[in-house]
Amino acid sequence: MPFPAVHPALDRALANKGYAEPTPVQLSSISDYVKKNKVTTIYAETLVSPKTAETVAKQTGAKVAVLDPLEGLTDASKGKNYFEVMKSNLTTLKQGQGCK
């Protein structure tokens, strides 16, 4: 199942082209994509504002799941080392994609 992603590298690339946040037209296009492709989960990161993901989820009925990119382990991270955090991310992905 395809799924859209929001990532800081994409944000920087868009910012370099003059985009700061998705425009209403872009959000509408993303929401249309999510609906058309029956995307059930929008993924966000712990180090990135979930605002865009939450907006798309609200418009489409999808849910938001959070992945930890490991660059900023905190007390809120679901693990204390690389393997524990990646295992948590895998669990989150399995749940979001409906895997058993």
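The protein has four helices and two strands, where helices (H or I, at least four residues) and strands (E, at least two) are DSSP runs numbered from the N terminus. Read from the N terminus, the order is α-α-β-α-β-α.

A quick word on the setup: this is a predicted model, with local features needing pLDDT of at least 70 and side-chain atom pairs counting only at pLDDT 80 or more, while totals for chains, interfaces and linings use all residues. Numbering starts from 1 along each chain as its sequence is written, and side-chain values use heavy atoms, leaving out hydrogens and water.

Of the 100 residues, 26% count as buried, meaning under 20% relative accessible area (exposed is over 50%, partly exposed in between; 1.4 Å probe, protein chains only). As for contacts (heavy atoms within 4.5 Å), 51% of those with a separation of 6 or more join residues 24 or more positions apart.

Now for the core. The largest nonpolar core has nine residues: L27, V34, V39, I42, A44, A53, V56, A57 and A62. Such a core is a set of buried Ala, Val, Leu, Ile, Met, Phe, Trp, Tyr and Cys residues joined through side-chain atoms within 4.5 Å. These elements each give it two or more residues:

| Element | Residues |
|---|---|
| α2 | 24–36 |
| β1 | 41–45 |
| α3 | 51–60 |

The biggest contributor is α3, with three residues. Leaving aside residues up to four places away in sequence, L27 touches P22, T52, T55, V56 and Q59.

Finally, Y82 sits in helix α4 (residues 82–97) and is partly exposed, at 49% relative accessible area. Its C-alpha lies 7.1 Å from that of L70, 12 residues apart in sequence.
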